[in-house]
Amino acid sequence: MTTEPAGFVPISSESVAFLGTRPIPAKPYYDPAWFELERESVFRRSWLQIGHVCELPDLGSFVRRELEVLGASLLVVRGKDGTLRAFHNVCTHRGTQLVEEVQGKRATFSCPYHMWTFGGDGALLSAPDFDSFGLDKRDCALKQVALDVCAGMIFVNFAAQPQDLREWLGELADQMETLPVARATTFSEYSYDIAANWKLTYDNFQENYHLRFIHPRSGQSAFSAENPFGYPKEYAFHDPHRTQTIWTNPDPRPAPMLADAFARLVPRAMEQGLLTTPHHRTYFALFPSFFMLGTPLQNFVHVVYPVTATQSRGVIRLYWVGDDANASERFGREAIMGTARDVHCEDVAVIEAGQRGLSSGALEHIHFQTQEALCRHLFNMVEAAVVAYQAEQIA
């Protein structure tokens with residue numbers, strides 16, 4: 001892997017001055033009314049990352065995804081023609097959910113209530129006594145949701161006429177295509193529920209201001225004499241998204257077990273050409289609540305899904321190219337995933353403590369400084385979406 005030049009220059013306040021310096025209203029971090037506005041203006045109109053193509057390897061493969069923020073249950077299906085499609089997991093007869101399994105493989109989907117049966121393309125194939133309805137089967141197909149793929153990752157959009165995914169991602173689309181996730185065939189995953197607003201949860205992972213206080217030991221490899229607090233090298237803004245370049249420590253000193261885990265994965269990663277990707281130190285933050293680290297030995301993806309104004313669910317994945325070749329690789333992958341989970345567990349209590357404080361109504365505003373510029377950018381983007389939506393409702 002290449003390393004950054006020696007020496008570290010902290011990001012200046014002038015470089016992010018365009019974001020503003022105003023105090024941020026606290027109410028959007030706990031207010032149910034604001035959450036309802038976000039639901040419609042942000043989550044119903046944005047591309048939401050919900051899975052990966054490696055989960056649907058065969059014709060007829062399907063996965064079910066629950067998106068509580070929109071009250072939606074989705075079926076993502078690879079049809080007989082090989083095309084991926086997303087449907088509401090809802091029978092068009094009387095609304096019964098079709099599938100309870102999380103994933104599987106089927107040629108058809110039958111409603112357990114009255115046995116309306118649909119194909120992998122969503123078409124209604126049969127229904128008992130259908131002639132008595134006076135309907136056309138073509139008008140009874142499963143309701144479809146826009147789906148597209150970038151870097152192997154599956155995105156859905158509930159808008160009636162969504163913007164093209166690659167157009168929405170801009171230059172970030174091509175950058176992400178260079179990462180291991182674009183070639184991934186498997187992954188490690190864990191999910192968590194947290195008593196905190198989605199923005200408050202997500203913001204924790206957008207700033208390194210807290211590293212030296214919350215992760216003094218687990219974050220040691222990010223600290224160096226040149227950069228004692230582990231701050232990023234630079235920020236970039238791609239409205240509504242943002243990126244940061246992670247500082248490359250010239251003398252990283254991970255814990256012995258983690259160092260051993262990395263060592264076990266390096267030879268094969270070299271063979272696969274994963275160590276020379278141009279964006280391996282880039283942190284991608286996609287609007288509204290997705291972020292990814294492109295580091296080749298731990299291509300880390302984290303999505304925060306809102307549940308209520310003060311409850312969220314996070315899904316964390318490490319993507320891998322190829323199955324474990326041997327026990328040594330298996331150990332390496334498990335150790336890296338275990339370490340990522342341990343580091344994340346250090347964050348949960350303090351995030352929830354922040355939510356309790358905000359929900360008390362004690363504060364009218366919160367504050368962001370230069371090292372929290374990505375947090376400010378996210379709030380600006382959310383607020384802009386909400387304001388635009390409100391204007392539409394008045395017009």
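What share of the 395 residues in the protein is made up of buried residues? Buried residues account for 50% of them. The legends below describe a predicted model.

**Figure 1. Overall view of the predicted protein model.** The secondary structure of the protein consists of eight helices and 19 strands. The radius of gyration is 23 Å, close to the 21 Å that the globule rule gives for 395 residues, so the protein is as compact as a globular protein of that length. Measured out along its principal axes, the C-alpha trace spans about 80 × 55 × 35 Å.**Figure 2. Strand β11 and the covering of its two faces.** Strand β11 comprises residues 153–157. The strand is mostly covered, since five of its five residues are buried. A residue counts as buried when its relative accessible area is under 20%. On one side of β11 lie M153, F155 and N157, and on the other lie I154 and V156. These residues are all buried, and both faces of the strand are thus covered.

**Figure 3. The partners of strand β11, namely β2 and β10.** Strand β2, residues 48–52, is joined to β11 by four bridges, and the two strands run antiparallel. Within this pair, L48 stands opposite V156. Strand β10, residues 144–150, also pairs with β11 in the antiparallel sense, over five bridges. Here L147 has V156 as its bridge partner. V156 of β11 therefore appears in both pairings, facing L48 and L147. Strands β10 and β11 form a hairpin with two residues between the strands. In this hairpin, A151 takes a positive phi near 55°.

**Figure 4. A160 in the loop that follows strand β11.** A160 is found between β11 and α2, the latter covering residues 165–169. Is A160 buried or exposed? A160 is exposed, because its relative accessible area is 82% and the cut-off for an exposed residue is over 50%. A160 and G357 are 197 residues apart in sequence. In space, their C-alpha atoms are 38 Å apart.

**Figure 5. The open sheet formed by β7, β8 and β9.** This sheet has three strands in the order β7-β8-β9, with antiparallel pairing. The edge strands are β7, residues 108–110, and β9, residues 124–126, and each of them pairs on one side only. Neighbouring strands of the sheet are turned by 35° against each other on average, direction ignored. Strand β8, residues 117–119, is joined to β9 by two bridges, and these strands run antiparallel. In this pair, F118 stands opposite L124 of β9.

**Figure 6. The hairpin of strands β13 and β14.** Strand β13 covers residues 234–238, and strand β14 covers residues 241–245. Five bridges connect the two strands, which run antiparallel. Y235 has Q244 in β14 as its bridge partner. Two residues lead from β13 to β14 in this hairpin.

**Figure 7. The largest cavity of the protein.** Rolling a probe the size of a water molecule over the atoms shows where empty space is left. How many cavities of 30 Å³ or more are counted? The count comes to two. The largest cavity holds about 140 Å³ of space. It is lined by 13 residues, and the closest to its centre are A269, Q272, L274, W320 and R333. The elements that give two or more residues to this lining are α6 (256–271), β18 (311–320) and α7 (327–359). Helix α6 supplies the largest share, three residues. The lining divides into nine nonpolar residues, one polar residue and three charged residues.

**Figure 8. The second largest cavity of the protein.** This cavity contains about 80 Å³ of space. Of the 15 residues that line the second largest cavity, the closest to its centre are L48, Q49, P288, S289 and V303. Two or more lining residues come from each of the elements β2 and β17 (299–308). Strand β17 gives the largest share, three residues. The lining is made up of 13 nonpolar and two polar residues, with no charged ones. L48, which lies close to the centre of this cavity, is also the residue that stands opposite V156 in β11.

Notes:
Residues are numbered from 1 along each chain as its sequence is written. This is a predicted model: local features need pLDDT of at least 70, side-chain atom pairs count only at pLDDT 80 or more; totals for chains, interfaces and linings use all residues. Side-chain values use heavy atoms; hydrogens and water are left out. Buried means under 20% relative accessible area, exposed over 50%, partly exposed in between (1.4 Å probe, protein chains only). Two strands pair if DSSP finds at least two bridges between them. Axes are lines fitted to C-alpha atoms, for helices over the stretch in contact, and angles run from 0 to 180 degrees between N-to-C directions. On a 1 Å grid over the protein atoms alone, a cavity is a set of points where a 1.4 Å probe fits but cannot get out, and a pocket is an open set with protein on both sides within 12 Å along at least five of seven lines; lining residues have an atom within 4 Å of a point. Grid points are joined across faces, edges and corners, and a volume is the space filled by probe spheres set on the points. Ala, Val, Leu, Ile, Met, Phe, Trp, Tyr, Cys and Pro count as nonpolar, Asp, Glu, Lys and Arg as charged, and the others, Gly among them, as polar. The radius of gyration is taken over C-alpha atoms; the globule rule is 2.2 Å times the number of residues to the power 0.38.
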